[in-house]
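Reader: Please take one helix of this chain and look closely at how it is placed against the rest of the fold. I would like a single connected account, with the numbers kept in.

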Amino acid sequence: MSNNQASYSSTTDPSASSRCVRVCQNRTCKKQGAKKVLAAFKASVVPGVTVTATGCLGQCGNGPMVLVLPDRVWYSGVRPNEVPLVVEQHLLGGQEVEKMLYSRFHSES
Ligand code: FES
């Protein structure tokens, strides 16, 4: 009997620099150009950041939707030409891009 809990790696570890960028590739977001957004993220290789296609994030119509984990930062209506900004400012610089935030989950009051 061994206890392997020590080897469990948590993505919520604040000391970890690993992030995951999820780009919705479901029907509605795809119609809104999500394929190119995904391609743009994949073209920008950032150490410690994984880019994955995901199914519907439940926010159809506001896409393309992008979710950055573990930050839980949502971007809506993302355009391929905005991806470099997210990469530079958020993924490399650690600061979310306020003007692109999804207002439903990030209210700027
Ligand atoms: S299709 Fe992208 S959030 Fe539903």
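**What covers helix α2**

Author: The buried residues of α2 are covered by several elements, among them β1, α1 (27–31), β2 (49–54), β3 and α3. The model is a predicted one. Its mean pLDDT over the chain is 88, and 83% of the residues reach 70 or more. An exception is residues 1–15, where pLDDT stays under 50 and the model has five contacts beyond four places in sequence.

Some context for the helix comes from the layout of the chain. There are three helices and four strands, and from the N terminus on they run β-α-α-β-β-β-α. Of the 109 residues, 28% count as buried. Among contacts with a separation of 6 or more, 66% are between residues 24 or more positions apart.

Which residues of α2 are buried? They are Ala34, Val37, Leu38, Ala40 and Phe41. Because these residues cover an arc of only 160° around the axis, they sit on the same side of α2.

Leucine 38, in helix α2, is one residue to follow in detail. It has 26 other C-beta atoms within 10 Å, and the cut-off for burial is 20 or more, so leucine 38 counts as buried. Setting aside neighbours within four places in sequence, leucine 38 is in contact with Val23, Gln25 and Ala53. Its C-alpha atom is separated by 8.3 Å from that of cysteine 24, and the two residues are 14 apart along the chain.

The sheet comes next. Its four strands form an open sheet in the order β2-β1-β3-β4, with mixed pairing. β2 and β4 are the edge strands, each pairing on one side only. On average, and with direction ignored, neighbouring strands are turned by 20° against each other. α2 packs on this sheet and touches β1, β2 and β3, while its direction makes about 160° with that of β1. Strands of a sheet pair through backbone hydrogen bonds, in parallel or antiparallel fashion. β3 and β4 run antiparallel and are joined by three bridges. Leucine 67, for example, has tryptophan 74 in β4 as its bridge partner.

The helix also contributes to the nonpolar core. In soluble globular proteins, nonpolar side chains tend to be buried together. The largest nonpolar core here has 24 residues, and the members that touch the most others are Val23, Val37, Phe41, Met65, Val66, Tyr75 and Val83. At least two residues each are supplied by β1 (19–24), α2 (34–43), β3 (66–69), β4 (73–75) and α3 (83–92). α2 gives the largest share, five residues.

On the α3 side, valine 83 is a point to check. Apart from neighbours within four places in sequence, valine 83 is in contact with Val37, Ala40, Phe41, Ser44 and Val78. Of these partners, Val37, Ala40 and Phe41 are among the buried residues of α2.

The loops between the strands hold a few details of backbone geometry. Most residues other than glycine have a negative phi, and most peptide bonds are trans. Between β2 and β3, the loop contains proline 64, which is joined to glycine 63 by a cis peptide bond with omega about -5°. The loop between β3 and β4 contains proline 70, and the peptide bond from leucine 69 to proline 70 is also cis, with omega near 5°. Arginine 72 belongs to the loop between β3 and β4 as well. Its phi is near 60°, a positive value in a residue other than glycine. Arginine 72 counts as exposed because it has 10 C-beta neighbours inside 10 Å, and the limit for that class is 12 or fewer.

Cysteine 56 is another residue of the loop between β2 and β3. With 14 C-beta neighbours inside 10 Å, cysteine 56 is partly exposed. Beyond four places in sequence, its contacts are with Cys24 and Asn26. Arginine 27 lies 29 residues from cysteine 56 in sequence and 7.9 Å away in space, C-alpha to C-alpha.

To return to the helix: α2 has its buried residues on the same side, touches β1, β2 and β3 of the sheet, and supplies the largest share of the core.

Definitions and conventions: Residues are numbered from 1 along each chain as its sequence is written. This is a predicted model: local features need pLDDT of at least 70, side-chain atom pairs count only at pLDDT 80 or more; totals for chains, interfaces and linings use all residues. A nonpolar core is a set of buried Ala, Val, Leu, Ile, Met, Phe, Trp, Tyr and Cys residues joined through C-beta atoms within 7 Å. Two residues are in contact if their C-beta atoms, placed from the backbone, lie within 7 Å. The arc is that of the directions from the helix axis to the C-beta atoms. Two strands pair if DSSP finds at least two bridges between them. Axes are lines fitted to C-alpha atoms, for helices over the stretch in contact, and angles run from 0 to 180 degrees between N-to-C directions. pLDDT is the predictor's confidence in each residue, from 0 to 100.
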